[in-house]
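Hello,

Here is the structure I said I would pass on. My notes on one helix and one strand follow below it.

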Amino acid sequence: GFAEPLRIAGAITGSAIGQPWGIKEGMAADFYFAKGVVESLLHALGVPLSDTRFAPAADVPHFHPGRTAHVSLFGEPLGIVGEIGELAAQQNELPRRVYVFDLAGDLLMKRFSR
C-alpha cells in the first residue's frame with residue numbers, strides 16, 4: 001500500500017525572544033537559534049546529540065547557501081535546517097530571514113520511540 005513518510009518540520013521567523021521591560025528590539029532569529037531549536041527537539045526525543053552532526057549545505061535549492069546545514073544522525077541523513085533563500089522568500093511572499101527545519105520522523109520513531 002501507499003505509505004506517507006512521517007516528517008517533523010517547523011518554521012521560525014521574527015524575534016527569537018520576547019521584548020521584556022519595554023525593550024523595543026527583540027533578538028532576531030538566526031541560523032544558530034534555529035539549530036538550537038532542532039537540538040532541543042532531538043534532545044527531548046532522547047536523541048544523543050553527540051551522534052548528531054550539522055554539516056554546511058551550500059547545495060540545497062531554495063535555501064541560503066551560507067545559512068543552511070544537513071543534519072545527520074549516526075551517519076544517516078536526518079534532514080535539513082536553514083534559511084529560505086531570498087528569491088524563494090520573495091516568490092512565496094514570505095518575510096526575510098525565515099528559518100525552517102525538516103527531519104525524517106520515520107528514522108526518529110524507529111530509533112527512539114518507546
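Glycine 46 follows helix H1 and has a positive phi, near 90 degrees. Please keep in mind that this is a predicted model.

H1 itself covers residues 31–44, which is 14 residues. From its first C-alpha to its last it reaches 20 Å, close to the 20 Å expected at 1.5 Å a residue. At the N-terminal end, H1 is capped by aspartate 30. A side-chain oxygen of aspartate 30 lies 3.2 Å from the backbone nitrogen of tyrosine 32.

Which residues of H1 are buried? They are Phe31, Ala34, Val38 and Leu42. These four sit on the same side of H1, because they cover an arc of only 80 degrees around the axis. In general, an α-helix has 3.6 residues a turn, so residues three or four places apart point the same way. The face of H1 turned away from the buried side carries Tyr32, His43 and Ala44, which are exposed.

The buried residues of H1 pack against five strands, S1 (7–12), S2 (52–56), S3 (63–73), S4 (76–84) and S5 (99–104), and against helix H3 (105–112).

Of these elements, I also looked at S5. Five of the six residues in S5 are buried, so this strand is mostly covered. S5 pairs with S1 in the antiparallel sense over six bridges, and S4 and S5 also run antiparallel, joined by five bridges. Valine 100 in S5 is the bridge partner of alanine 11 and also of glycine 82.

Regards

Note on methods. Residues numbered from 1 in each chain as written. Predicted model: local features only at pLDDT ≥ 70, side-chain atom pairs only at ≥ 80, totals over all residues. Heavy atoms only, no water. Helix = DSSP H or I, 4+ residues; strand = E, 2+ residues; numbered from the N terminus. Expected span 1.5 Å × (residues − 1). Buried < 20%, exposed > 50% of the residue type's maximum accessible area, 1.4 Å probe, protein only. Arc of directions from axis to C-beta. Contact = heavy atoms within 4.5 Å. Polar contact = N/O pair within 3.5 Å; in protein donor to acceptor, adjacent residues only side chain to side chain. Pairing = 2+ DSSP bridges.
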